[in-house]
Amino acid sequence: MLKYNVRGENIEVTDALRDYVQKRLDKLEKYFEINSDVIAHINLKVYPDHTAKVEVTIPLPYLVLRAEDTTDDMYKSIDFVSEKLERQIRKYKTRINRKSREKGLKDFFYEDLEEKKTPKEFDIVRNKHLDLKPMNAEEAVLQMDLLGHDFFVFEDADTNGTSIVYRRNDGRYGLIETNE
């Protein structure tokens with residue numbers, strides 16, 4: 001849950017302004033872990049030429065999100081800053097997910113920093129049992145796409161062997177056949 005530290009320079013931070021900042025930055029909460037306490041430091045400035053500058057810094061243990069914007073309207077600056085922060089988070093998430101796919105890990109955004117210890121043994125968290133249905137590779141690809149999975153195990157109707165179709169990084173498909 002985001003906590004806010006809003007302060008103003010050359011401006012009084014009204015309840016309406018504070019509520020608007022919180023409303024705009026609350027949209028970022030979906031990217032943070034539910035139980036984490038993150039403090040957003042917001043600095044609102046007004047200059048003598050009546051331009052408004054908004055600076056937002058969100059320090060995290062593994063990343064510092066920071067954005068600022070200066071316009072002629074305080075509310076417009078708040079909007080631009082929140083959009084910049086969301087783009088930063090999405091860019092970071094994409095980079096992390098790309099690295100995790102390259103290493104063969106599942107998609108993740110924020111790792112639990114307390115669990116930095118590498119486990120000595122594999123921790124299997126779920127078991128699935130399935131009945132393999134005879135089908136050809138094209139049917140298996142259709143089933144895989146219908147389920148939204150990246151791979152699908154099936155019994156090849158032609159060879160009666162177990163086969164696997166999978167989605168490759170380039171968007172095409174691969175087929176693994178067993179020798180039985």
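The protein chain exposes about 13,200 Å², and carbon and sulfur atoms supply 49% of that area. Keep in mind that this is a predicted model. Here are some exercises to work through with the structure open.

**Exercise 1. Lay out the chain: how many helices and strands are there, and what pattern do they follow?**

Step 1: Count the elements. The protein chain has three helices and eight strands.

Step 2: Walk along the sequence. The pattern reads β-α-β-β-β-α-β-α-β-β-β.

Step 3: Check burial. Of the 180 residues in the protein chain, buried ones make up 32%.

Step 4: Look at the contacts. Among those with a separation of 6 or more, 37% join residues 24 or more positions apart.

**Exercise 2. Work out the sheet that holds β1: what is the strand order, and which strands stand at the edges?**

Step 1: Order the strands. This open sheet of four runs β1-β2-β3-β4, with mixed pairing.

Step 2: Find the edges. β1 and β4 each have a single partner strand, so one side of each is left without a neighbour in the sheet.

Step 3: Look at the twist. Ignoring direction, neighbouring strands here are turned by 15° against each other on average.

Step 4: Add the helix. α1 packs on the sheet and touches β1, β2 and β3, its direction making about 140° with that of β1.

**Exercise 3. Trace the pairing around β3: how many bridges does β3 make with β2, and how many with β4?**

Step 1: Start with β2 (residues 38-46). This strand pairs with β3 in the antiparallel sense over six bridges.

Step 2: Pick out residues on that side. N43 stands opposite E55, and H41 has T57 as its bridge partner.

Step 3: Follow the hairpin of β2 and β3. Five residues lie between the strands, and H50 takes a positive phi near 65°.

Step 4: Cross to β4 (residues 64-71). Here the strands also run antiparallel, joined by eight bridges. On this side A52 stands opposite T71, and V56 stands opposite A67.

Step 5: Ask how covered the strands are. In β3 (residues 52-59), six of the eight residues are buried. β4 has two faces: L65, A67, D69 and T71 make up the covered one, while V64, R66, E68 and T70 are on the uncovered one.

**Exercise 4. Find the largest nonpolar core: which elements give two or more residues to it, and which gives the largest share?**

Step 1: Size it up. The core has 29 residues, and those with the most contacts inside it are L25, I42, L44, V54, V56, I58 and L85.

Step 2: List the contributors. β1 (2-9), α1, β2, β3, β4 and α2 each give two or more residues.

Step 3: Name the main one. α2 supplies the largest share, with seven residues.

Step 4: Zoom in on V54. Apart from neighbours within four places in sequence, V54 contacts I42, N43, L44, A67, E68, D69, M74, S77, I78 and V81.

Step 5: Don't miss the other one. A second, separate core of seven residues includes M135, A140, V141 and M144.

**Exercise 5. Inspect the aromatic pair: which residues form it, and why does it tie together parts that are apart in sequence?**

Step 1: Identify it. The structure holds one aromatic pair, formed by Y20 and Y75.

Step 2: Classify the geometry. The centres are 4.9 Å apart and the planes make 75°; angles over 60 degrees count as edge-to-face, and that is how this pair is classed.

Step 3: Place the partners. Y20 lies in helix α1 (residues 15-25) and Y75 in helix α2 (residues 74-103), so the pair ties together parts that are 55 residues apart in sequence.

Step 4: Compare burial. Y20 has a relative accessible area of 19%; buried means under 20%, so Y20 counts as buried. Y75, at 34%, is partly exposed.

**Exercise 6. Turn to the sheet that holds β5: what is its strand order, and in what sense do β5 and β6 pair?**

Step 1: Order the strands. This open sheet of four runs β5-β6-β7-β8, with mixed pairing.

Step 2: Find the edges. β5 (134-135) and β8 (173-177) each have a single partner strand, so each has one side without a neighbour in the sheet.

Step 3: Look at the β5 pairing. β5 and β6 (residues 151-156) pair in the parallel sense over two bridges, and M135 has D156 in β6 as its bridge partner.

Terms used: Residues numbered from 1 in each chain as written. Predicted model: local features only at pLDDT ≥ 70, side-chain atom pairs only at ≥ 80, totals over all residues. Heavy atoms only, no water. Phe/Tyr/Trp six-rings, centres within 6.5 Å; stacked < 30°, edge-to-face > 60°. Buried < 20%, exposed > 50% of the residue type's maximum accessible area, 1.4 Å probe, protein only. Pairing = 2+ DSSP bridges. Contact = heavy atoms within 4.5 Å. Areas by Shrake-Rupley, 256 points an atom, 1.4 Å probe, with all protein chains shown as cover. Core = buried A, V, L, I, M, F, W, Y, C linked by side-chain atoms within 4.5 Å. Axes fitted to C-alpha atoms, helices over the stretch in contact; angles between N-to-C directions.
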